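The following paragraphs lead the reader through a single structure, from its sheets to its ligand surroundings, loops and cysteines. Please keep the sequence and the model in view while reading.

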Amino acid sequence: MKRIAIIGAGISGLSAAYQLEKARAAGAPIEYTIFESSGRVGGSISSEQVEGCLVEAGPDSFLTEKPWAAMLCKELGLVDQIIGSNDAERKTYIVVHGKLVAMPDGLMFMVPTKLVPTALSPLFSWATKIRMARELMHPPRPMQGDETVGELVERHFGAEVVDRLADPLLSGVYGGDANKLSARAVLPRFVEMEEKYGSLSRAMLAAHKKMAATAKSQPARPLFSSLKVGMQQMVDALVARLAPDSIRLRTRIRGVYPHNEGWRLATELAGDVYCDAVVLASPANVAGALLEAVDTDLANALLGVTYSSSVTVALGYYMDQLRHLPPGFGFLIPRSEGTRMLACTFVHNKFPHRAPPDKGLLRCFLGGARDEAVLSLSDDDILGQVRGELKKIVKLNANPIFARVHRWRGAMAQYESGHIARVERIEKCVADMKRLAIAGNAFHGIGVPDCVRSGQQAADKLLGTLADLGSSKS
Ligand SMILES: Cc1cc2nc3c(=O)[nH]c(=O)nc-3n(C[C@H](O)[C@H](O)[C@H](O)COP(=O)(O)OP(=O)(O)OC[C@H]3O[C@@H](n4cnc5c(N)ncnc54)[C@H](O)[C@@H]3O)c2cc1C
């Protein structure tokens, strides 16, 4: 019997465990244990019912176009629980000089593809609009090393588009700074488009035409998917499928050391644990610290991944208090506006089943790469800040029926310039170690579907080398 240890019970570690469980149930001679430092499973995923509203403390959904999370949900028997975002209501605003300005029609991510709505939009100055028109002539440019998203977007559309679109959009996804995030890692399609077409607008139009042609033969898919009772449903369904007693909560791993053919894991309070193989599904910088005695190059490369933190604030209201809010999914706030809040989602509009008809739920985001300090404020101070800013921006002065503040310290890996080279270095080191695999949001995508895939691939690697694994000791 080979013993496999998984470090971290977030969605990456749980996905790895489920992959191992399927192999075990099919007769593979393995057993596995997940070691989780906190008192709960799920990592960044946590859903709670409050006053009939579904509060997502972390992720509220996953991108439909990345199939791995939905495929896992189907395998777990959750197919009838998958819901799509209300895309008919999809409208997002950007705060400009304190006021909500709708993102113009035809804006694909941050690239304008329709001239008239862009020309009429108050979101951009005339100088930027002229620049956008000129961008159509941008000549193809061969890929040259790495640059930041800010640099790439500024070269095409100017600094205002970095401030008003690129930065707020990436803040939402990565909690990151457009002037640090790697264009090749975060927007690989943009880099390829620039190489082929030059102009990102022309490339997007071409891609859009292609998509429209195939979409005619297929039913439209929602942009985001989630689960009726929240993302936690996925975590609970995974846990229900795992072998009993396979999860050890409140068991922090302090170090990983080679031992005979396998590994010795030093736990914080429960002594040493011996295993034949290990999946590191903790944040990469934690994995780096754990592996210092194993391989310094690998440890340093992992320690080089930086993380940002975020705070989510959920505020429940009676619908009557929110009648004056505009329709849509919510708004993003550029850094130049000087607020602490980065974004606000109108949750009751984004998904069905998130609030009863008489209630509405707002979810606000703070923190990110530029504001770690917000994590040390008290809940009351954070709530005061958010409510003050909501009052200014959307004239919302009413007392919420409930409020929840969640802090996520070091949860979002930052794909900074040089990220791809770093991941290649990490993967090269790990490839040489048959008994070790890594998973998580630090490598090939930060979203839940990417994490599911990374966990599955880590488990597959170890199952694939199972025949080579030495005997276990304990
Ligand atoms: C606020 C927020 C909103 C997000 N929104 C979305 C979204 O809408 N859609 C989307 O697709 N993605 C979203 N993400 C990103 C996504 O949720 C995460 O990337 C993903 O959940 C990370 O999963 P993970 O298992 O890799 O890591 P984590 O969830 O961080 O899990 C790692 C686990 O390892 C444990 N651990 C750490 N150190 C040790 C140790 N030494 N020993 C044992 N255990 C240890 C931790 O306690 C944790 O449980 C969001 C993230 C956050 C924080």
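In this predicted model, five strands form an open, parallel sheet whose order is S12-S2-S1-S16-S22. Its edges are occupied by strand S12 (247-248) and strand S22 (436-438), each of which pairs on one side only. Strand S2 (residues 30-35) is joined to S12 by two bridges in the parallel sense. One residue pair illustrates this connection: Phe-35 has Arg-248 as its bridge partner in S12. Helix H1 packs on this sheet and touches strand S1 (2-7), S2, S12 and strand S16 (277-280). The direction of H1 makes about 165 degrees with that of S2.

Helix H1 spans residues 11-25 and includes Ser-15. Is Ser-15 buried or exposed? Its relative accessible area is 1%, and therefore Ser-15 is buried, the limit for that class being under 20%. The surroundings of Ser-15 can be described through its contacts. Apart from neighbours within four places in sequence, Ser-15 is in contact with Leu-72, Leu-238, Val-452, Gly-455 and Gln-456.

A second sheet may now be considered. Seven strands make up this open sheet, in the order S8-S7-S18-S19-S20-S17-S21, and their pairing is mixed. Strand S8 (99-102) and strand S21 (402-414) stand at the edges; each has a single partner strand, so one side of each is left without a neighbour in the sheet. On average, neighbouring strands of this sheet are turned by 30 degrees against each other, direction ignored. Within the sheet, strand S7 (residues 92-96) and strand S18 (residues 330-332) run parallel and are joined by three bridges. Here Ile-94 has Leu-332 as its bridge partner in S18. Helix H15 (residues 379-394) packs on the sheet, where it touches S7, S8, strand S17 (306-318), S18, strand S19 (341-346), strand S20 (359-367) and S21. The direction of H15 makes about 65 degrees with that of S17.

The model also contains a ligand, with 34 residues around it. Which of these residues come nearest to the ligand? They are Ser-12, Glu-36, Ser-61, Ile-446 and Val-448. Several backbone atoms lie opposite nitrogen atoms of the ligand. A polar backbone atom of Ser-61 is 2.7 Å from a ligand nitrogen atom. For Ile-253, a backbone N or O atom lies 3.0 Å from a nitrogen atom of the ligand, and for Ser-37 the corresponding distance is 3.1 Å.

Three loop residues deserve attention. Glu-51 is located in the loop between strand S3 (47-50) and strand S4 (53-56). Most residues other than glycine have a negative phi. In Glu-51, however, phi is positive, near 50 degrees. With 44% relative accessibility, Glu-51 counts as partly exposed. His-353 likewise has a positive phi, near 65 degrees. This histidine, His-353, is found in the loop between helix H14 (347-350) and S20.

The third loop residue, Glu-147, lies between helix H4 (126-135) and helix H5 (149-157). Because its relative accessibility is 16%, Glu-147 counts as buried. What does the side chain of Glu-147 make a polar contact with? The partner is the side chain of Arg-155, at 2.4 Å. Arg-155 also appears among the residues that Glu-147 touches, not counting residues up to four places away in sequence. The others in that list are Arg-141, Leu-152, Leu-181, Ser-182, Ala-183 and Ser-417.

The cysteines complete the account. How many disulfides does a search of the whole structure find? The search finds zero. For Cys-275, the nearest cysteine sulfur belongs to Cys-429 and is 19 Å away. Cys-275 has a relative accessible area of 5% and is therefore buried. For Cys-364, the nearest cysteine sulfur is that of Cys-344, at 3.9 Å. A disulfide requires two cysteine sulfur atoms within 2.5 Å, and Cys-364 is in no disulfide. Cys-364 also counts as buried, because its relative accessibility is 0%.

Terms used
Residues are numbered from 1 along each chain as its sequence is written. This is a predicted model: local features need pLDDT of at least 70, side-chain atom pairs count only at pLDDT 80 or more; totals for chains, interfaces and linings use all residues. Side-chain values use heavy atoms; hydrogens and water are left out. Buried means under 20% relative accessible area, exposed over 50%, partly exposed in between (1.4 Å probe, protein chains only). Two strands pair if DSSP finds at least two bridges between them. Helices (H or I, at least four residues) and strands (E, at least two) are DSSP runs, numbered from the N terminus. Axes are lines fitted to C-alpha atoms, for helices over the stretch in contact, and angles run from 0 to 180 degrees between N-to-C directions. Contact means heavy atoms within 4.5 Å. A residue is near a molecule or strand if one of its heavy atoms lies within 4 Å of it. A polar contact is a pair of N or O atoms within 3.5 Å; within protein, one must be able to donate a hydrogen and the other to accept it, and residues adjacent in sequence count only if both atoms are side-chain atoms.
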